[in-house]
Amino acid sequence: MRKYLFSAGFALLVAATCVSITVMTPPAFASEIKYVVNDIPVTTGDIAHRAAFLKLQRKKGDAGQEMIDQTLRMAEAKRLGIRISDAQVEAAYQRFASSNKMQLSQLDGVMEKSGVTKGHFKEFIRAQMAWNQALSARYRSGDGTGAVSEQDLVRKMLEKGGSKPSATEYMLQQVIFVVPAAERSATLGKRKREADAMRARFSGCNTTREFAKGLIDVTVRDLGRVLAPQLPPDWAEQIKATKVGGATVTRETERGVEFIGICSSREVSDDKVAQMVFQGESSGDKNADELSKKYVDELKAKARIVKR
């Protein structure tokens with residue numbers, strides 16, 4: 001059920017707006033409770049920001065209903081134990097800016113001047129990411145039951161004329177230079193230098209723990225077998241571009257400073273690979289919007305929605 005967060009048209013529109021927008025910054029929206037959705041308030045400010053967002057996208061829509069739907073989606077994701085961290089949202093926001101050849105300050109300016117605000121846009125990103133995971137969890141079997149086995153998915157693929165696919169299997173090791181939140185501003189730069197130094201010495205996974213012995217607050221985790229389609233999105237491209245025995249560049253995360261060591265890789269072909277490939281191909285099906293709507297309609301039918 002994975003989908004792009006934003007349409008290409010919207011991305012281009014935002015990029016163009018970054019250059020051409022001349023409107024004055026709108027006044028802050030007065031905020032009163034407009035709806036209560038399962039005890040969660042939706043304010044007039046939320047709705048006004050969403051209306052500005054729809055206008056920026058040049059889309060028609062009911063801003064109030066969109067915010068009701070988003071509230072239901074986020075509540076369902078929370079019930080399923082899905083959590084999108086601030087770091088993931090920030091990374092997606094930065095990717096959106098860089099993919100449109102914009103500085104973060106430029107994107108911030110577009111969001112403020114249009115009345116959307118970067119805070120509202122980031123919460124939209126969080127909601128989209130969480131909902132994609134919720135949809136994937138519910139419809140991963142392709143029929144909504146979650147009961148189709150790997151072998152059934154292989155059979156479906158073969159019936160379509162395909163052959164059992166292969167994928168790269170990685171053995172990975174994660175190295176984390178821990179930075180407590182309270183010390184982040186004071187020590188992050190120093191920890192980044194320490195992590196870069198260790199990463200430069202990395203020559204395989206067997207010696208990592210030996211290197212880490214004399215360092216304070218360094219965690220080494222063996223991630224085990226990870227197939228290419230399962231790689232974390234924020235790391236996937238770097239891992240694929242790194243040779244065996246090497247390590248990715250260091251990254252600042254919510255935990256501190258991290259890098260991933262590539263212990264080994266090999267091509268494998270089994271039912272698990274076929275299952276993931278089949279699901280990945282199905283993820284772009286045009287019925288994704290229908291499945292999402294069906295899911296939201298079910299949530300809405302059971303919800304307590306009070307208009308103030």
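Select Cys-263 to begin: at 27% relative accessibility, this residue counts as partly exposed. Keep in mind throughout that the model is predicted.

**Stop 1: the disulfide**

Now add Cys-205 to the selection. A disulfide joins Cys-205 to Cys-263, with 1.9 Å from S to S. A disulfide is a covalent bond between the sulfur atoms of two cysteines. How many disulfides does a search of the whole structure find? The search finds one.

Look at where the two ends sit. Cys-205 is in the loop between helix 8 (184–201) and helix 9 (208–212). Cys-263 is in strand 6 (residues 256–268). The two cysteines are 58 residues apart, and the pair links distant parts of the chain. Cys-205 has a relative accessible area of 14%, so Cys-205 is buried. Check the torsion about the S-S bond too: the value is -95°, and the link is left-handed.

**Stop 2: Leu-172**

Stay with Cys-263 and show what touches it from strand 3 (residues 167–178). Leu-172 lies in that strand, and Cys-263 is one of the residues Leu-172 touches. Is Leu-172 buried or exposed? Its relative accessibility is 4%, so Leu-172 counts as buried.

Select the rest of its surroundings. Setting aside residues up to four places away in sequence, Leu-172 touches Arg-221, Asp-222, Leu-223, Gly-224 and Val-226. Leu-231 and Ile-239 are also on the list. So are Ile-260, Gly-261 and Ile-262, along with Cys-263. Then measure out to Ser-264: from C-alpha to C-alpha, Leu-172 and Ser-264 are 7.4 Å apart in space, with their positions 92 residues apart in sequence.

**Stop 3: helix 8**

Select helix 8, which has 18 residues. From first C-alpha to last, helix 8 reaches 25 Å, close to the 26 Å expected at 1.5 Å a residue.

Which residues of helix 8 are buried? They are Leu-188, Arg-191, Ala-195 and Met-198. An α-helix has 3.6 residues a turn, so residues three or four places apart point the same way. Now show what covers these buried residues: the cover includes strand 3, helix 9, strand 4 (218–227), strand 5 (251–252) and strand 6.

**Stop 4: Arg-251**

Move to strand 5, the place of Arg-251. At 19% relative accessibility, Arg-251 counts as buried, because the cut-off for buried is under 20%. Show its contacts beyond the neighbours within four places in sequence. Asp-234, Trp-235 and Gln-238 are among them. Gly-256, Val-257 and Glu-258 are in contact with Arg-251 as well.

**Stop 5: helix 6 against helix 2**

Select helix 2 (residues 44–57) and helix 6 (residues 118–139). Their axes come within 10 Å and cross at roughly 85°. Helix 2 and helix 6 are therefore roughly perpendicular to each other. Helix 2 makes the contact with Asp-46, His-49, Arg-50 and Phe-53. Helix 6 brings His-120, Phe-121 and Phe-124. Color these residues by class: three are nonpolar, two polar and two charged.

**Stop 6: helix 6 against helix 4**

Keep helix 6 and add helix 4 (residues 86–99). Here the axes are 10 Å apart, and the packing angle is about 110°. That makes helix 4 roughly perpendicular to helix 6.

On the helix 4 side, select Asp-86, Gln-88, Val-89, Glu-90, Ala-92, Tyr-93 and Phe-96. On the helix 6 side, select Lys-118, Phe-121, Lys-122, Ile-125, Arg-126 and Met-129. By class, this contact has seven nonpolar residues, one polar and five charged. Phe-121 is part of the contact with helix 4, and Phe-121 is also part of the contact with helix 2.

**Stop 7: two backbone angles**

Select Arg-58, in the loop between helix 2 and helix 3 (63–79). Arg-58 is not a glycine, yet its phi is positive, about 60°. Its relative accessible area is 73%, so Arg-58 is exposed.

Then go to Thr-117, in the loop between helix 5 (104–113) and helix 6. Thr-117 also has a positive phi, about 75°, although it is not a glycine.

**Last stop: the whole chain**

Zoom out. The protein chain has 12 helices and seven strands. Of its 308 residues, 43% are buried. Among contacts between residues at least 6 apart in sequence, 74% join residues at least 24 apart.

Notes: Residues numbered from 1 in each chain as written. Predicted model: local features only at pLDDT ≥ 70, side-chain atom pairs only at ≥ 80, totals over all residues. Heavy atoms only, no water. Axes fitted to C-alpha atoms, helices over the stretch in contact; angles between N-to-C directions. Helix = DSSP H or I, 4+ residues; strand = E, 2+ residues; numbered from the N terminus. Parallel < 35°, antiparallel > 145°, perpendicular 65-115°, else oblique. Contact = heavy atoms within 4.5 Å. Nonpolar A, V, L, I, M, F, W, Y, C, P; charged D, E, K, R; others polar. Buried < 20%, exposed > 50% of the residue type's maximum accessible area, 1.4 Å probe, protein only. Disulfide = S-S within 2.5 Å. Expected span 1.5 Å × (residues − 1).
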